[in-house]
Amino acid sequence: MTPKNDVYRCRVCDNVIEILKSGDGKLVCCNAPMELLKYRSEGSGEEKHVPVLEKTESGFKVMVGNMPHPMEENHCIDWIEIRADGKIYRQSLNPGEEPQAEFFLDPETVNQISVRSYCSIHGLWKS
Ligand SMILES: [Fe+2]
């Protein structure tokens with residue numbers, strides 16, 4: 001069974017999908033099984049990939065890495081996502097933009113929050 005919110009990538013065409021509802025089927029793209037992306041939170045490259053969450057007056061700001069991640073055509077942060085009390089907010093990013101996002105939520109009303117980001121080469125990271 002594919003767990004809800006897991007992220008899969010096609011090794012052939014680079015499609016990336018998220019499971020919105022669990023099912024029993026095997027995920028296939030380009031006639032090959034899709035790869036389940038495992039979270040990374042430390043190790044090689046963590047200084048440029050682990051999302052850093054910061055409270056602001058108007059919500060939350062997420063920066064990817066303590067050192068800014070490259071935002072080039074073939075290597076960039078594709079999206080940053082926060083999950084706040086079961087609601088998901090996602091910012092898509094493009095090459096040339098900053099590897100960061102702001103989410104306008106009242107920090108005082110949020111009890112549980114988690115953050116993840118996706119690098120087009122180095123995969124899924126969380127903090
Ligand atoms: Fe990367």
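In the predicted model, strand β8, which spans residues 77-84, runs antiparallel to β9 and is joined to that strand by six bridges. Within this pairing, tryptophan 79 has serine 92 of β9 as its bridge partner. The two strands belong to an open sheet of four strands, ordered β9-β8-β11-β12 and paired in the antiparallel sense. At its edges lie β9 (87-92) and β12 (123-126), each of which pairs on one side only. On average, and with direction ignored, neighbouring strands of this sheet are turned by 20 degrees against each other.

Strand β8 also contributes to the largest nonpolar core, which comprises 17 residues; the members touching the most others are Val62, Ile77, Ile80 and Ile82. At least two residues of this core are supplied by each of β7 (59-64), β8, β10 (100-103), β11 (113-119) and β12. The largest share, four residues, is that of β8. Such grouping may be set against the tendency of nonpolar side chains in soluble globular proteins to be buried together.

The surroundings of isoleucine 77 were examined further. When residues up to four places away in sequence are not counted, isoleucine 77 touches Val64, His69, Met71, Leu93, Pro99, Ser117, Tyr118 and Cys119.

A further open sheet consists of three strands in the order β2-β1-β5, again with antiparallel pairing. Its edge strands are β2 (16-18) and β5 (35-36), each pairing on one side only. Three bridges link β1 (residues 7-9) to β2 in the antiparallel sense, and the bridge partner of tyrosine 8 in β2 is isoleucine 17.

Conventions: Residues are numbered from 1 along each chain as its sequence is written. This is a predicted model: local features need pLDDT of at least 70, side-chain atom pairs count only at pLDDT 80 or more; totals for chains, interfaces and linings use all residues. Two strands pair if DSSP finds at least two bridges between them. Axes are lines fitted to C-alpha atoms, for helices over the stretch in contact, and angles run from 0 to 180 degrees between N-to-C directions. A nonpolar core is a set of buried Ala, Val, Leu, Ile, Met, Phe, Trp, Tyr and Cys residues joined through C-beta atoms within 7 Å. A residue is buried if 20 or more other C-beta atoms lie within 10 Å of its own, exposed if 12 or fewer, and partly exposed in between; C-beta atoms are placed from the backbone. Two residues are in contact if their C-beta atoms, placed from the backbone, lie within 7 Å.
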